[in-house]
Amino acid sequence: METTTSADGTRIAFQRTGDGPPVVILGGAFSRASDGQGLADALVTRGLGAVTLDRRGRGESGDRRGSQPEDEVADVAAVIDAVGGEAAVLGHSSGAVLALYAASLGVPVRALFLSEPPFRFGIDEPEPGLPDRLQELIDAGDPGEAVSLFQLEGVELPREMVESIRRSEMFPALVPLAQSTVYDALLTARLSTPTPAMRSVSAPVTILRGEQTFPMLMTAADRLSDAMPAAELVIVPESVMHRPDPAATARIVSERMPAADAG
């Protein structure tokens, strides 16, 4: 893992794979750089480079109490600067929201690939105080409860599934990521509806969703496509239940990557 320093001094860890035109992969809730490695390897087989990263508050990256969505945008900008100054960005779930927001704030993005972004467009929003409640649980020394609360109210998993996860072997690996749930909750609440700047980014945009995924995510992708007439909506049969298929996703990205500028 390499590191770079974000605008507020936070260390951001990232890993490069391949030496083709870079694609920065931004994962969703609870994801770390290692979770994007399958996508990274698939992109490399298509002649592209790939960059996976630990978003702040995760893995080998640092953190700063009170971080805001704009701080995560600065993290993306720092990573892109570290890998050459411009890159395509492939965001999944909340990472897709972050990718589009970063492009709207001027981060140099060649192309955007937005995989099942959870835009709600103001409908069926989580309770507004969710980020504060998550932070209170973490500050009280109960990050595991914050993880479960986020799964229940932020992701809206069924209670029996959340309880099953809590009893599973995977749960201890989720607990150290509890602080990142605050940042995901803040990001998706503030940007439940894409801003006018997000809807009018200059970079080419491809929206991806599976044929079989959560109904809210199907609706979100379709509404985003309607709100961004210049964007292309691509249905990916191989991606099932909010899990992007690496080979199919890499094929779509490689086929739509803009040609490098001459000189």
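How are helices α2 and α3 oriented to each other? They are roughly perpendicular. The model behind this report is a predicted one.

## Helix α2 against α3

Helix α2 covers residues 69-82, and helix α3 covers residues 94-104. The two pack at an angle of about 80°. Their axes are 9 Å apart. Angles of 65 to 115 degrees count as roughly perpendicular, and α2 and α3 are therefore placed in that class.

From α2, the contact uses P69, E70, E72, V73 and V76. From α3, it uses L98, Y101 and A102. By class, six of these residues are nonpolar and two are charged. No polar residue takes part.

## Helix α2 against α8

Helix α2 also meets α8. Here the axes come within 9 Å and cross at roughly 105°. This pair is therefore roughly perpendicular too.

P69, E70 and E72 are the α2 residues in this contact. On the α8 side they meet Y183, L186, L187 and R190. The contact of α2 with α8 has four nonpolar residues and three charged ones, with no polar residue. P69, E70 and E72 also appear in the contact of α2 with α3.

## Helix α3 and the largest core

How many residues of α3 are buried? The count is 11 of 11, so the helix is mostly covered. Among them are S94, G95 and S104. L98, Y101 and A102, which contact α2, are buried as well.

The largest nonpolar core has 37 residues. Helix α3 gives the largest share of it, eight residues. Which members touch the most others? They are L100 and L112. L100 is one of the buried residues of α3. Beyond its neighbours within four places in sequence, L100 contacts L112, L114, F119, M198, V201, L224 and M228. Another core, of 20 residues, lies apart from the largest one. Its members include I25, A50, A88 and A111.

## Around strand β5

G91 sits in strand β5, residues 87-92. Its relative accessibility is 0%, so G91 counts as buried. Outside the four places on either side in sequence, G91 is in contact with L26, A96, F113, L114 and S115. A96 belongs to α3 and is buried. L114 is also a contact of L100. G91 and S115 are 24 residues apart along the chain, yet their C-alpha atoms are separated by 6.0 Å.

The loop between β5 and α3 holds S93. S93 has a relative accessible area of 13%, so it is buried. Its phi is positive, about 60°, although S93 is not a glycine. Most residues other than glycine have a negative phi. At the other end of the helix, α3 is followed by G106, with a positive phi near 95°.

## Helix α5 and an aromatic pair

The structure holds two aromatic pairs. One joins F30 and F150, with ring centres 5.8 Å apart. The ring planes stand at 75°, so the pair is edge-to-face. F30 lies in the loop between β3 and α1, and F150 lies in helix α5, so the pair ties together parts 120 residues apart in sequence. Are these two rings' residues buried or exposed? F30 counts as buried at 13% relative accessibility. F150 counts as buried at 5%.

F150 has company in α5. G144, A146, V147, S148, L149, Q151 and G154 are buried there too. The buried residues of α5 pack against four helices: α4, α6, α7 and α8.

Just after α5 comes E156, in the loop between α5 and α6. Its phi is near 65°, a positive value in a residue other than glycine. E156 counts as partly exposed, at 45% relative accessibility, whereas S93 is buried.

## Q179 in helix α8

Helix α8 includes Q179. This residue has a relative accessible area of 15%, so it is buried. What does Q179 touch? Leaving out residues up to four places away in sequence, Q179 touches D63, Q135 and I138. P215 is 36 residues from Q179 in sequence. Their C-alpha atoms are 27 Å apart in space.

Key: Residues are numbered from 1 along each chain as its sequence is written. This is a predicted model: local features need pLDDT of at least 70, side-chain atom pairs count only at pLDDT 80 or more; totals for chains, interfaces and linings use all residues. Side-chain values use heavy atoms; hydrogens and water are left out. Axes are lines fitted to C-alpha atoms, for helices over the stretch in contact, and angles run from 0 to 180 degrees between N-to-C directions. Angles under 35 degrees count as roughly parallel, over 145 as roughly antiparallel, 65 to 115 as roughly perpendicular and the rest as oblique. Contact means heavy atoms within 4.5 Å. Ala, Val, Leu, Ile, Met, Phe, Trp, Tyr, Cys and Pro count as nonpolar, Asp, Glu, Lys and Arg as charged, and the others, Gly among them, as polar. A nonpolar core is a set of buried Ala, Val, Leu, Ile, Met, Phe, Trp, Tyr and Cys residues joined through side-chain atoms within 4.5 Å. Buried means under 20% relative accessible area, exposed over 50%, partly exposed in between (1.4 Å probe, protein chains only). Rings of Phe, Tyr and Trp (its six-membered ring) pair if their centres lie within 6.5 Å; planes under 30 degrees apart count as stacked, over 60 as edge-to-face and the rest as tilted.
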